[in-house]
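Work through the exercises below with the sequence and the model side by side. Try each task before reading its solution.

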Amino acid sequence: MLAPRSRRWSFGRLAETLQRDKLGNTPLLLAYVSLNGVVAVELIRRGGLLPTKNLAGVGVLDSFPPDLPPEAAEQRTAIRRKLLELTDREPEWLDGPHCQICNTKFTLQIRKHHCRHCGRVACSKCAPKDRKLPLPKFKLDKPERLCELCYDALSPVNAAS
Ligand SMILES: [Zn+2]
Ligand SMILES: [Zn+2]
């Protein structure tokens, strides 16, 4: 199912793999955590992938550490929103036994959904049915299911700010 998409991703994936440091941090993740929005934006334009995680399982789309000062959290939120807005590549769908947002384990009752914008696998609480937007940048003109982060970044109400 992913095969037709893999070719257009190969450059981004290769670059991300080559440039990781010993802890698995990508340049994009490092720019983001050091609040360097200018560099982070440039890296997204060059094919940086938002869902990529370091060896500790931390990525740009993950929740903030509990001890992060509120000011830094605010700046991260602003940078992340910008990066999500700028993302122009349709994601490869991620998979796993747990919701990648709240960590709930999937079962027969708790079904998997995918955010069509960031590709993360999520439960129905984290990618609710009523959080749908069309994604014209991916040529998806019908409303598609989104996670809360992507919905917030892309919904017209918030886009103006
Ligand atoms: Zn969830
Ligand atoms: Zn998303």
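The exercises go from the overall layout to one helix pair and then to single residues.

This is a predicted model: local features need pLDDT of at least 70, side-chain atom pairs count only at pLDDT 80 or more, and totals for chains, interfaces and linings use all residues. Residues are numbered from 1 along each chain as its sequence is written, and chains are lettered from A and ligands numbered from 1 in the order in which they are written.

**Exercise 1. Layout**

Task: Give the order of the elements in the protein, from the N terminus on.

Solution: Start with the count. There are six helices and four strands. Helices (H or I, at least four residues) and strands (E, at least two) are DSSP runs, numbered from the N terminus. Now read along the chain: the order is α-α-α-α-β-β-β-β-α-α. Next, burial. A residue is buried if 20 or more other C-beta atoms, placed from the backbone, lie within 10 Å of its own, exposed if 12 or fewer, and partly exposed in between. By this count, 27% of the 161 residues are buried.

**Exercise 2. The faces of H3**

Task: Find which residues of H3 are buried, and which exposed residues sit on the face turned away from them.

Solution: The buried ones are Ala 40, Leu 43 and Ile 44. Viewed down the H3 axis, they fall within an arc of 100 degrees, so they line one face of the helix. The arc is taken over the directions from the helix axis to the C-beta atoms. Turned away from that side are the exposed residues Val 38 and Arg 45. The buried residues of H3 pack against helix H2 (27-33) and H4. After H3 comes Gly 47, with a positive phi near 105 degrees.

**Exercise 3. H3 against H4**

Task: Describe how H3 and H4 pack.

Solution: Two packed helices are described by the angle between their axes and the distance between the axes. For H3 (residues 37-45) and H4, the angle is about 20 degrees and the axes are 10 Å apart. H3 is therefore roughly parallel to H4; the label covers angles under 35 degrees. Axes are lines fitted to C-alpha atoms, for helices over the stretch in contact, and angles run from 0 to 180 degrees between N-to-C directions.

Then list the residues. Gly 37, Ala 40, Val 41, Ile 44 and Arg 45 of H3 meet Ile 79, Lys 82, Leu 83 and Leu 86 of H4. Contact requires C-beta atoms, placed from the backbone, within 7 Å. By class, the H3 contact with H4 has six nonpolar, one polar and two charged residues.

**Exercise 4. Positive phi outside glycine**

Task: Place Leu 35 and Asn 103, and state how exposed Leu 35 and Asn 103 are.

Solution: Leu 35 is not a glycine, yet its phi is positive, about 60 degrees. Leu 35 lies in the loop between H2 and H3. It is partly exposed, because 15 other C-beta atoms lie within 10 Å. Asn 103, also not a glycine, has a positive phi of about 75 degrees. Asn 103 lies in the loop between H4 and strand E1 (113-114). It is exposed, with 10 other C-beta atoms within 10 Å.

**Exercise 5. Far in sequence**

Task: How far apart in space are the C-alpha atoms of Ala 72 and Val 33, and those of Ser 63 and Ile 101?

Solution: Ala 72 belongs to H4 (residues 70-86). Its C-alpha atom is 8.8 Å from that of Val 33, 39 residues apart along the chain. Ser 63 is in the loop between H3 and H4. Ser 63 and Ile 101 are 38 residues apart in sequence and 8.0 Å apart, C-alpha to C-alpha.

Conventions. Parallel < 35°, antiparallel > 145°, perpendicular 65-115°, else oblique. Contact = placed C-beta atoms within 7 Å. Nonpolar A, V, L, I, M, F, W, Y, C, P; charged D, E, K, R; others polar.
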